[in-house]
Amino acid sequence: MVGASFIVHPEPASRVQKYDFSQIRLSRADFQKISRVLYQFSGICLQPGKEELVRSRLLKRLRALDLHNFRDYLKHVFDDKTAQELRTMIDCLTTNKTSFFRENKHFNYMRTRILPEVRNSGKGMRLWSAGCSSGEEPYSIAMLLKEELPTVDPTRLKILATDISDTMLAKARAAEYDRQSLAEIPPNCFVKYFTPVSSGSNQLYRVDESIKRMIRFARLNLMADWPMKGPFDLIFCRNVMIYFDNYTQQKLVRRFWDILAPGGHLFVGHSESLVASSAGFRYVEPATYVKI
Ligand SMILES: C[S@@+](CC[C@H](N)C(=O)[O-])C[C@H]1O[C@@H](n2cnc3c(N)ncnc32)[C@H](O)[C@@H]1O
C-alpha cells in the first residue's frame with residue numbers, strides 16, 4: 001500500500017485536561033509583594049491573615065490571563081507599562097460592601113440639622129461621596145435632597161461620587177439594582193424614583209434620570225491628586241478609611257479639611273473615628289464632624 005494517510009483527530013474538548021487553578025498557592029513572599037504595592041498605590045493595608053482572601057480574589061485574573069502561578073502574575077503586573085493590570089489588581093482587592101441608606105443616622109442628621117438651613121437660604125449644596133462603591137450611597141443622598149429640598153433648583157444640588165474601582169463605578173453608572181437591595185428605600189422614594197426593567201430572569205429596577213442627573217461619577221484614587229475644586233459642604237467618606245493605617249487616615253482627613261467649606265461636615269463610618277486626626281474638626285455626634 002502506497003501513501004497511506006493518517007488523519008489525526010483532535011481530542012474532544014471535553015477530554016482535554018483543563019488546568020486546575022484551584023491548586024495554585026500564594027506564597028508569603030508574593031503576598032507581601034502584593035500588600036506592598038496595594039498599600040503604595042491605594043493606601044489599603046492588608047492585615048496578616050488575609051492571604052486566602054487575596055488568593056481567591058486574584059485567582060480570577062490568573063484564570064483570565066491563563067497564568068499558572070502568582071510569580072508570573074506579578075511579573076505581568078509589573079511589566080505592564082500601561083499600569084492597566086495594576087489598576088485591575090487593585091480593583092479586585094477592594095472591599096465594596098454598601099447599601100441604600102446605610103447608617104441611616106447620617107441621613108436623619110442631614111434631614112434635621114443641615115437641610116432646613118439650605119431650604120431656607122435657597123442656596124445650593126455641593127456634596128462628595130468619597131468611596132461611593134456601586135452607587136447606593138450617592139443615590140440615597142440624591143433622593144433625600146430631592147425630597148427635602150423641592151424648591152431648590154436641582155442644578156444647584158451637585159453630588160460628586162468617586163471610587164478607585166472601575167467595576168464598582170460601572171455598576172453605579174448602570175444604576176440598576178435588584179429588589180432585595182432596595183429594601184431600605186422609603187416606599188414613597190421607591191415608587192417615585194425606580195422603574196422596573198427586565199433583565200433575563202432577574203427583575204431589576206433602574207434609578208430615575210432626575211436622580212442620576214444630580215450625580216457625577218468619576219474614578220478617583222484618594223491617595224492621588226484631586227483634580228476637582230472645592231469647597232464642598234458635606235463629604236461622606238464612610239467605611240473607606242477602615243482599610244487605611246493611622247498615618248494615611250490623618251493625611252486624608254487633613255485633605256478633606258482643606259477642601260471643605262468652613263462649617264462643612266465630614267461623615268465617616270460608624271465604626272471609624274477621627275480621634276487622633278480630628279485637628280480642625282469639631283465632633284458633633286458619632287461619625288459626624290464639622291470643620292471649624
Ligand atoms: C466598603 S466600601 C464603602 C462604600 C460606601 N461609602 C458605604 O459606606 O456604604 C469602600 C469603598 O472604598 C473604595 N476605596 C478603597 N480605597 C480607595 C482609594 N484609595 N481611593 C478611592 N476609593 C477607595 C473601595 O473601592 C470601595 O468601593
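**Figure 1. The largest nonpolar core of this predicted model holds 63 residues.** Let us start where the packing is best connected. Ala142, Ile235, Cys237 and Leu266 touch the most other members of the core. Domain 1 (19-93) and domain 2 (105-175 + 207-291) each supply at least three of the core's residues. In soluble globular proteins, nonpolar side chains tend to be buried together. Zooming in on Ile235, and leaving aside its neighbours within four places in sequence, you will find it in contact with Trp128, Ala130, Phe256, Leu260 and Leu266. Leu266 thus appears twice in this view: as a contact of Ile235 and as one of the core members that touch the most others.

**Figure 2. A shell of 24 residues surrounds the ligand.** Which residues of the shell are the closest to the ligand? They are Thr94, Thr98, Gly131, Ser133 and Ile164. By residue class, the shell divides into 12 polar, seven nonpolar and five charged residues. As with the core, both domains take part: at least three shell residues come from domain 1 (19-93), and at least three from domain 2 (105-175 + 207-291).

**Figure 3. Helix H3 (residues 70-79) has a buried face and an exposed side.** Phe70, Tyr73 and Val77 are the buried residues to look for here. Why do the buried residues of H3 line one face of the helix? Seen down the helix axis, they fall within an arc of 55 degrees, so they share one face. Lys75 and Asp79, on the other side of H3, are exposed. What do the buried residues of H3 pack against? Their partners are three helices: H1 (28-42), H2 (51-65) and H4 (84-93).

**Figure 4. Domain 1 (19-93) and domain 2 (105-175 + 207-291) divide the protein chain.** The centres of the two domains, taken over C-alpha atoms, are separated by 31 Å. Seven residues of domain 1 and 11 residues of domain 2 make the contact between them. On the domain 1 side, H1 and H4 are the elements that give two or more residues. That side consists of four nonpolar residues, two polar residues and one charged residue. H1 and H4 may look familiar from the previous view, as the buried residues of H3 pack against both of them.

**Figure 5. A cis peptide bond joins Gly230 and Pro231.** Omega for this bond is about -5 degrees. Most residues other than glycine have a negative phi, and most peptide bonds are trans. Pro231 belongs to the loop between strand S6 (215-219) and strand S7 (232-237). Ile235, the residue shown close up in the core view, is one of the members that touch the most others there.

**Figure 6. Ala175 and Asn239 are two residues other than glycine with a positive phi.** For Ala175, phi is about 60 degrees. The residue sits in the loop between helix H7 (166-174) and strand S3 (176-178). Is Ala175 buried or exposed? It is buried, because 21 other C-beta atoms lie within 10 Å, and the cut-off for a buried residue is 20 or more. Asn239 has a phi near 60 degrees and lies in the loop between S7 and helix H10 (246-259). Asn239 counts as buried because it has 21 C-beta neighbours inside 10 Å.

**Figure 7. Pro154 is partly exposed, whereas Ser27 is exposed.** Pro154 lies in the loop between helix H6 (136-148) and strand S2 (157-163). With 16 C-beta neighbours inside 10 Å, Pro154 falls in the partly exposed class. Its C-alpha atom is separated by 8.2 Å from that of Gly124, 30 residues apart along the chain. Ser27 is in the segment before H1. Its 12 C-beta neighbours inside 10 Å are why Ser27 counts as exposed. Between the C-alpha atoms of Ser27 and Ser129, 102 residues apart along the chain, the separation is 36 Å.

**Figure 8. The protein chain has 10 helices and 10 strands.** To place the close-ups in context, step back to the entire chain. Its C-alpha atoms fill a box of roughly 100 × 45 × 30 Å, taken along the principal axes. How much of the protein chain do buried residues make up? Of its 292 residues, 30% are buried. Among contacts between residues at least 6 apart in sequence, 72% join residues at least 24 apart.

Definitions and conventions: Residues numbered from 1 in each chain as written. Predicted model: local features only at pLDDT ≥ 70, side-chain atom pairs only at ≥ 80, totals over all residues. Core = buried A, V, L, I, M, F, W, Y, C linked by C-beta atoms within 7 Å. Domains from an automatic or database assignment. Contact = placed C-beta atoms within 7 Å. Near = placed C-beta within 6 Å. Nonpolar A, V, L, I, M, F, W, Y, C, P; charged D, E, K, R; others polar. Helix = DSSP H or I, 4+ residues; strand = E, 2+ residues; numbered from the N terminus. Arc of directions from axis to C-beta.
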